Amino acid sequence: MASLALPSLNSLPISRLHSQKAPSLNSSIPSISTSRHPCTVAPHRFQSGVIRMQAGQEDFELKQVRDMAAAKKRWDAMIREGKVKILTPKEAGYAIQLSNKPLLDVRPSSEREKAWVKGSSWVPVFEVDDKFDVGTVSRKVSTFMMGGWWSGVPTLSYNSQFLSKVEEKFPKDAELIVACQKGLRSLAACEILCNAGYKNLFWVQGGLEAAEEEDLAREGSQPLKFAGIGGLSEFLGWTDQQRTQAAREGWGYRLLYSARLVGVFVVADALFIGAQQVGRYLQDMRSH
């Protein structure tokens with residue numbers, strides 16, 4: 001990924017920057033008195049290890065921000081110099097219908113399988129990371145803790161075969177429309193393709209999420225706007241896309257997600273009561 005120079009962005013989706021700081025792990029460590037315990041070294045080693053982990057996470061997040069800022073400067077220059085031309089989703093639809101221009105979908109499979117533009121080609125620039133080595137698991141935990149549990153955003157890794165797969169499908173002189181869900185990953189893809197010699201690149205500004213249903217011929221089970229949402233926020237209907245849809249469709253749509261919210265509270269309440277009963281049972285067992 002030398003042309004992109006964003007290797008650290010592999011661990012988090014580049015469609016979103018996490019502004020939250022990682023929660024302090026020290027607050028979850030109980031205070032350990034070592035004055036009366038013969039093993040006085042272990043707690044200090046454990047706390048030192050936690051501090052190093054926290055510092056490493058903060059350094060990682062800072063590098064993410066710096067890399068993204070540098071990438072944005074390159075992408076702005078790329079567009080300003082005319083190396084990549086801008087299209088709105090509606091204009092992209094016209095170009096596909098009237099000029100038969102190909103659309104290259106660079107989204108990961110988690111978004112592509114929900115909805116896609118009819119007739120588009122698919123080569124993900126970042127793909128869902130299914131590996132379970134130490135580094136990948138650490139990134140998965142980080143992504144989950146930084147909001148993945150709410151948004152459903154998976155851990156992504158750069159697709160090292162992206163350029164070769166595109167070159168197999170399209171010649172360097174092809175007029176190629178490049179799109180992703182929100183518009184950032186497609187800019188990264190445009191930079192890679194531009195550096196590889198592609199001269200007729202068109203970027204869909206705002207991504208497929210900015211498209212209205214009439215803009216592009218769609219296939220799949222969901223509207224294009226919904227392809228990038230997930231997690232608990234999607235289940236409860238609390239995403240911006242679903243709120244907009246609810247405003248259009250009325251009370252029936254809202255009642256569905258209101259029922260789901262009630263269901264979540266009922267389940268949480270049942271789990272809480274169950275935990276209390278288990279606690280009382282264990283306490284009674286100790287007392288006897």
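How many helices and how many strands are there in the protein chain? I went through the model, which is a predicted one, and found nine helices and nine strands in the protein chain.

**Entry: confidence**

I looked up the confidence before anything else, and noted that pLDDT averages 74 over the protein chain, with 57% of the residues scoring at least 70. Over residues 1-46 the pLDDT stays under 50, although the model still has 78 contacts beyond four places in sequence for this stretch. I keep in mind that predicted coordinates should not be read in detail where pLDDT is low.

**Entry: the chain as a whole**

I then turned to burial and found that 39% of the 288 residues of the protein chain count as buried. For the accessible surface I noted about 16,600 Å², with 58% of that area belonging to carbon and sulfur atoms. Among the contacts with a separation of 6 or more, 71% are accounted for by residues 24 or more positions apart.

**Entry: aromatic rings**

I searched for aromatic pairs and found that the structure holds one. The partners are Phe126 and Tyr158, whose rings meet edge-to-face, with 6.1 Å centre to centre and 70° between the planes. Because Phe126 lies in strand S5 (residues 126-128) and Tyr158 in strand S6 (residues 156-158), the pair ties together parts that are 32 residues apart in sequence. I also checked the burial of the two partners, and both Phe126 and Tyr158 are buried.

I next asked which lysines lie over the ring of Phe202. The charged end of Lys85 sits over this ring, 5.8 Å from its centre, and Lys101 lies over the face of Phe202 as well, at 5.7 Å from the ring centre.

**Entry: helix H6**

I compared the span of helix H6 (residues 184-195) with what its twelve residues should give: at 1.5 Å a residue the expected value is 16 Å, and the end C-alpha atoms are 17 Å apart, which agrees.

Is H6 largely enclosed or open? Ten of its twelve residues are buried, so I record H6 as largely enclosed by the rest of the structure. The buried residues of H6 include the charged residues Arg185 and Glu191, the cysteines Cys190 and Cys194, and also Leu187, Ile192 and Leu193. Ser186, Ala188 and Ala189 are likewise among the buried residues of this helix. After H6 comes Gly197, for which I noted a positive phi, near 110°.

Conventions
Residues are numbered from 1 along each chain as its sequence is written. This is a predicted model: local features need pLDDT of at least 70, side-chain atom pairs count only at pLDDT 80 or more; totals for chains, interfaces and linings use all residues. Side-chain values use heavy atoms; hydrogens and water are left out. Helices (H or I, at least four residues) and strands (E, at least two) are DSSP runs, numbered from the N terminus. Buried means under 20% relative accessible area, exposed over 50%, partly exposed in between (1.4 Å probe, protein chains only). Contact means heavy atoms within 4.5 Å. Accessible areas come from the Shrake-Rupley method with a 1.4 Å probe; for residues, only the protein chains shown count as cover. Rings of Phe, Tyr and Trp (its six-membered ring) pair if their centres lie within 6.5 Å; planes under 30 degrees apart count as stacked, over 60 as edge-to-face and the rest as tilted. A charge sits over a ring if NZ of Lys or CZ of Arg is within 6 Å of the ring centre and within 35 degrees of the ring normal. pLDDT is the predictor's confidence in each residue, from 0 to 100. The expected span of a helix is 1.5 Å times one less than its number of residues.
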